[in-house]
Amino acid sequence: MTNPSAAIIGIGPNTERKGGATAIAYAHAWAMRDLGVPLLAGAARSAGNREGFAFDFPHVPTYADYREMLRACRPQLVSICAYPRDREEMTMAALEHGAQILWIEKPLAISLDAAERILAAADSAGARVFVHYQRRFGQPCRILAESCVEGRLGTIQSVTIAQPMPNLLGFGVHPIDTAMSCLPGRRAIRAVGAVEMSDQVVKGLPIEAECHGVVYFDDGSRLLASSGLASAQVPMIRVDGSHGFAELLWTTKPGDGGVLRAHWRDSATVESPVLQENFHGDPAHPNLTTVRFLRDILDAVRDQRPSGCDGRESLRSLEAVLAIFESAVRGAAVTLPMAQADFPLDRHPATCLRRISGDGTDLHGPYHRF
């Protein structure tokens with residue numbers, strides 16, 4: 001089977017941070033190049049972003065209008081890297097123009113209803129949706145998840161995440177997705193959350209200054225998540241089981257050992273395997289986890305097998321974050337599954353106050369300037 005033809009919607013600026021938070025489309029394009037996926041075109045409304053992309057990929061035409069690009073190229077694989085508020089519309093357009101593989105940056109959507117619409121439309125079109133949780137393909141996350149699935153910690157009782165920065169829906173879905181890989185098959189049934197809002201808008205969405213939440217699952221296990229600058233500087237992810245524990249650190253200090261430390265059920269002491277990679281990937285090969293991600297979804301399509309980053313599986317991580325936010329806005333616990341028509345932090349009292357006060361805060365931000 002030959003590789004599918006591809007196009008990218010949402011090219012960020014060609015800066016030093018390209019390939020990361022400010023211009024993730026470059027990471028997608030580099031992975032396509034490494035694996036021989038023909039990149040037909042890219043789209044960005046910003047002329048500067050188009051010019052910057054053309055500098056690195058001179059033989060790839062760019063478009064200001066992504067719909068025009070889809071009509072002209074009819075790509076089989078569409079990578080969607082634009083800001084979250086636009087992703088549902090772009091996904092639907094890609095499906096309308098015949099795309100069979102959708103590679104969507106996280107988060108998949110900004111409400112559970114929107115996520116369900118995307119997945120239903122893809123199912124109707126016979127297309128596959130994959131959400132870019134590339135850290136699943138790094139050594140530390142893989143070893144942590146495998147140890148949980150194999151029972152090396154006994155029965156998993158809880159997973160705790162401490163993120164020492166805001167934006168649980170932005171970066172935070174990566175550790176939460178890692179947590180979900182440690183809790184396969186569990187169904188979330190209830191969530192409780194509290195949020196203090198910041199005055200910042202990131203990628204068109206208002207973000208929290210501080211967030212704390214608990215998600216309960218049908219087997220009695222739970223996920224505890226916190227984000228914010230005041231969040232305790234503790235291991236980023238800790239899994240507690242009936243016969244052991246494991247910790248995956250964000251960064252390490254002298255004396256910490258490796259980024260992963262664990263007391264397996266068959267261990268006499270706490271062990272810390274020597275790993276070249278950390279939670280963010282391989283320092284020597286920064287785009288390696290994205291290459292692995294793309295290889296996995298290509299193989300999943302070719303072999304007609306599931307992937308850990310399938311849209312439906314990835315919905316579990318999104319549901320956890322949005323349920324915590326929904327609880328915070330309502331001031332009460334929420335029962336899952338639930339309907340959710342909009343982004344809950346748009347309804348947070350502090351966000352609404354900024355809208356009313358006329359302080360110049362652009363709540364939606366320049367989300368169209370991808």
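1. Two strands are taken to pair if DSSP finds at least two bridges between them. In this predicted model, strand β4 (residues 77-80) and strand β5 (residues 101-104) are joined by four bridges and run parallel, with L102 in β5 as the bridge partner of V78. Between these strands the chain passes from β4 through helix α4 (residues 87-96) to β5, in a β-α-β crossover that is right-handed.

2. Strand β4 also pairs with strand β1 (residues 6-9), again in the parallel sense and over four bridges, and here A7 is the residue that stands opposite V78. V78 therefore has a partner in a bridge-joined strand on either count, if one takes "pair" to require at least two bridges.

3. Are the residues on the two faces of β4 buried or exposed? Both faces are covered, since L77 and S79 on one side are buried, as are V78 and I80 on the other.

4. A separate matter is the largest pocket, which holds about 1000 Å³ of space and is lined by 41 residues, with G20, A21, K106, R135 and F171 lying nearest its centre. The elements that contribute two or more residues to this lining are α1 (25-35), β9 (205-217) and α8 (288-303), and the largest share, four residues, comes from β9.

5. As to the chemical character of that lining, which may be of interest to anyone examining the pocket, its residues divide into 19 nonpolar, 13 polar and nine charged.

Key:
Residues numbered from 1 in each chain as written. Predicted model: local features only at pLDDT ≥ 70, side-chain atom pairs only at ≥ 80, totals over all residues. Heavy atoms only, no water. Buried < 20%, exposed > 50% of the residue type's maximum accessible area, 1.4 Å probe, protein only. Right-handed = clockwise from strand over helix to strand, strands pointing away. 1 Å grid on protein atoms, 1.4 Å probe; cavity = no way out; pocket = protein on both sides within 12 Å on 5 of 7 lines; lining within 4 Å. Points joined across faces, edges and corners; volume = space filled by probe spheres on them. Nonpolar A, V, L, I, M, F, W, Y, C, P; charged D, E, K, R; others polar.
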